[in-house]
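Biologist: I would like to learn how to read interfaces and single residues in a model. Can we work through one together?

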Amino acid sequence: MEELDQQLAELLTPNRKDRRHLVSLLQEVQRKFGYITKEAMLAIADFLETPGSTVYGIATFYNQFRFTPLGKHPVTVCMGTACHLAGGRLVLEAMARELDIEVGGIASDHEFSLDRVACVGCCALAPVVIIGDSVYPRMTPPKVEEVLVCIRPVSLDESEKQ
Amino acid sequence: MTFEEVQKQAKSDWDSLYHGEVPHILIGTATCGRAAGALAVVEAFNKELARRSAQATVTEVGCIGLCSLEPLVIIVKPDSFTVCYNSVTPQMVPTLVEGYILGDDPCLELALGTVEGGEGEAVYIPELPRFEHEHRLLLRNCGYIGPGNISHYIASGGYGSLAKALKMEPTAIIGEIKRSGLRGRGGAGFPTGTKWELCRNAPGQTKYVICNADEGDPGAFMDRVVLESDPQQVIEGMVIAGYAVSAREGFVYIRAEYPLAIERLKVALEQAENLGLLGDNILGSGFDFHIEIAQGAGAFVSGAETALMMAIEGRRSMPRPRPPFPVESGLWGKPTLINNVKTYACVPLILGHGGGWFASIGTEGSKGTALFALAGKTVNTGLAEVAMGTTLHELIFDIGGGIRGEKQFKAVQIGGPSGGCLPESMLQTPVDFDSLREAGAIMGSGGVIAMDEDNCMVDAAKFFLDFIQSESCGKCSTCRLGTKQMLDMLEDITAGKGKIEDIDLLVELGEDIKDGSLCGLGKTAPNPALTTIRYFRDEYEAHIVEKRCPARVCKELTAYYILPEKCERGCEHCVLACPVEAIGNTEKGIKVIDQTKCTKCGSCELVCPPEYNAVVRLSPVSSVPSPEVKKPKKRHKKGTK
């Protein structure tokens, strides 16, 4: 917790003490911690001398901000027009089924989290899935399984079962 | 250093790379290239060059617009052809190094074609017929110059227009822009010169210039490519705009989903500043102009200009009524000039070649070129830049190469989620602001998505409305509540629960939403539904009356079925792929889908070997023949036959 305060304090520098930096402060908090906590929102509100409800209002208005942690391997399925027409919905459903988590959720072991995004601008490669920093082009439901096998940690129990 | 010296230095840097002693390797590493594996290709080249002690330089460049052929590599060789290779893999790299870097064999079997142009001229590949139909202005350098090196842009004639502009009267610059007939490239098509004049004449000392790079339309990525491939042209345009309207501060509002574009823009701004092309006392003229990057946080409505300014101010990006227009009262209440990425990118060209030259391209009412992102079912996907007035047919069939596979073209969706879907009969429509609006679509940001017979128009309309509905900021009740009602009706229709009167109700409600909403989002939100009803009413009726989805897309109206006469009994692909164990065997070993268990995930259809092609989709659901089903086999007992 102390470390968290320390990191937060590093962001809240006097030159950013202006309402216009609110969104970018939230963005940096998310970049650092992976998601936005209530404590961070309150700290920013204090810093900008604005009500906590304002910060909460902004954070919930913009799609980018999340209030639950990301998985170690954050999975984002693109649901842009091109991806939708090429079967993106089936890919998203397959991903939710294989990971056994809902869209917007995180697996109990925090390995994977699943989100959808409006468009990543790689329409020529639709449907697209992004896991971590890697883009997986031209996905299909059977390919979902293949991709996940390569990323999933091999636990001993699982391999014994096979 | 004076600008002449900077130019001289840039030219000599350029010559040593592009006309030097050693081969020069250009690798496209824009987002689409990276997704296709371009970074691994860069690494492979660096390794192979070191291993073979081969002399060559490697430059990461942007995107030439041929996204479906990525990763692309161009090899510039002294006294020989410049050759472009497509779909390059790290495995191909040793062959290329052996063949064309060390030897004189251009490896034509791997090549896409030769590369012509460059140094101010538009780069093209003469072997590809699509380039005959294109007219590249903004894309002229893309994929050929290094976006991370300002000297490439300067050597290609860049910043000459800024140097010229700073010696001109601001009103003369505005006059030139007016003469060019340039209209806003963000989609609405407001005359740019008039906007600049209004901003210049607005009273006030402090003014702002904003570049709208919040390209939120799913299916549009032109601004991303321009910023990732040739960002300096946008910066140059913004500085000229700042000088013309006498603003000292500029913002680029760019969506956070484009991390590479942000990174490349940051580098570009820094380099421009280091050379005195941005910042204080630009080129010794006494004019100061600074540019800041503001990152979007994922709200589609931010693309509306009044909403965008709210976002920069750190507020919820909700639009407000106009007037006052931003040119009078914009960012923090000051006069603000706000234009799209492509509009600014046009500016250096107009000042360089003259407004008359620009006005000679395009149609009566729409001058210059239009940049489109082709996606969907066309053979070629990627970027295309055509003169205004080119027909949709030319865009989709001559440049896009028509529809992939043996499929039939059905519709083209143009202008993003708020654009419209046009049928084959409208393909002769020229692409310009006015003709598209007449047809019920909009130029919008320029996303062009081709749909084929496998796409359901009702489903497409539902998809767009779903997007719009969740992106509605909630300010205007017609948009907030109306789009929700429209979406509910479309959901009912696609689920087979629609009523025939719903169609007219959708039209009526759509018109009301258009009238009752403040910003572009609400005013255009009903377009996809309205145009699909206008041109594809029969599909709506099939969903409602026959409970049939003609394209067999809508889940509730479609069932998967295995054709017994085509099923190759011994094969178990579908059985293994089915996630819910819904596929079993009949007495004869033919696979049968248990419709009560099937979740319609489509896996069986994808894995069924193409030579059998036994899995089909049927609609309505009642058309599925009902066979006697044996107990499904357990999934993992492969051995027991």
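**Reading one residue, then the interfaces**

Modeller: Start with a single position. B:Gly303 has a relative accessible area of 28%, so this glycine is partly exposed. Keep in mind that the model is predicted.

Biologist: Where in chain B is B:Gly303 found?

Modeller: Look for the elements on either side. B:Gly303 is in the loop that runs between β10 (290-295) and α13 (305-312) of chain B.

Biologist: Which residues is B:Gly303 in contact with, leaving aside its neighbours within four places in sequence?

Modeller: B:Asn212 and B:Asp214. You can also take a C-alpha separation. B:Ser317 is 14 residues from B:Gly303 along the chain, and their C-alpha atoms are 9.0 Å apart.

Biologist: Now B:Glu539. Is this residue buried or exposed?

Modeller: Apply the cut-off. Buried means under 20% relative accessible area. B:Glu539 has 5%, so B:Glu539 counts as buried. Helix α22 (residues 527-545) of chain B holds B:Glu539.

Biologist: What does the side chain of B:Glu539 make a polar contact with?

Modeller: The side chain of B:Lys410, at 2.7 Å. B:Lys410 is also one of the residues that B:Glu539 touches, not counting those up to four places away in sequence. The others on that list are B:Cys456, B:Met457, B:Val458 and B:Pro550.

Biologist: Let us move to the chains. How do I read the size of an interface?

Modeller: Interface size is often given as the accessible area lost when the parts come together. Here chain A and chain B bury about 3,700 Å² between them. Carbon and sulfur atoms account for 58% of that area.

Biologist: Which three residues of chain A supply more of the area it buries against chain B than any other three?

Modeller: A:Arg20, A:Phe61 and A:Leu85, which supply 18% of it. Residue counts give another view: 40 residues of chain A are in contact with 58 residues of chain B.

Biologist: How many salt bridges does the rule find across the interface of chain A and chain B?

Modeller: Two. B:Lys555 forms a salt bridge with A:Glu93, with 3.0 Å between the closest N and O atoms. Polar contacts are a separate count: 13 residue pairs between chain A and chain B, both residues at pLDDT 80 or more.

Biologist: Which elements give two or more residues to the side of chain A that touches chain B?

Modeller: They are α2 (22-33), α4 (52-61), α5 (81-85), α6 (88-99), β2 (112-117) and α7 (141-151) of chain A. By class, that side of chain A has 22 nonpolar, nine polar and nine charged residues.

Biologist: Can the approach be used inside one chain?

Modeller: Yes, between domains. Chain B is divided into domain 1 (3-121), domain 2 (160-359), domain 3 (369-452), domain 4 (457-545) and domain 5 (558-623). Take domain 1 and domain 3 of chain B, whose C-alpha centres lie 31 Å apart. Four residues of domain 1 are in contact with five of domain 3. The area buried between these two domains is about 280 Å², with 45% from carbon and sulfur atoms.

Biologist: Which residues in domain 1 of chain B lose the most area to domain 3 of chain B?

Modeller: B:Gly65, B:Cys67 and B:Ser68, together 91% of what that side buries. The rule finds zero salt bridges across the interface of domain 1 and domain 3 of chain B. Polar contacts there come to three residue pairs, both residues at pLDDT 80 or more. The domain 1 side has two nonpolar, two polar and no charged residues.

Methods
Residues are numbered from 1 along each chain as its sequence is written. Chains are lettered from A and ligands numbered from 1 in the order in which they are written. This is a predicted model: local features need pLDDT of at least 70, side-chain atom pairs count only at pLDDT 80 or more; totals for chains, interfaces and linings use all residues. Side-chain values use heavy atoms; hydrogens and water are left out. Helices (H or I, at least four residues) and strands (E, at least two) are DSSP runs, numbered from the N terminus. Buried means under 20% relative accessible area, exposed over 50%, partly exposed in between (1.4 Å probe, protein chains only). Contact means heavy atoms within 4.5 Å. Buried area is the accessible area (1.4 Å probe) that two parts lose on being put together, summed over both. A salt bridge is a side-chain nitrogen of Lys or Arg within 4 Å of a carboxyl oxygen of Asp or Glu. A polar contact is a pair of N or O atoms within 3.5 Å; within protein, one must be able to donate a hydrogen and the other to accept it, and residues adjacent in sequence count only if both atoms are side-chain atoms. Ala, Val, Leu, Ile, Met, Phe, Trp, Tyr, Cys and Pro count as nonpolar, Asp, Glu, Lys and Arg as charged, and the others, Gly among them, as polar. Domain bounds come from an automatic or database domain assignment.
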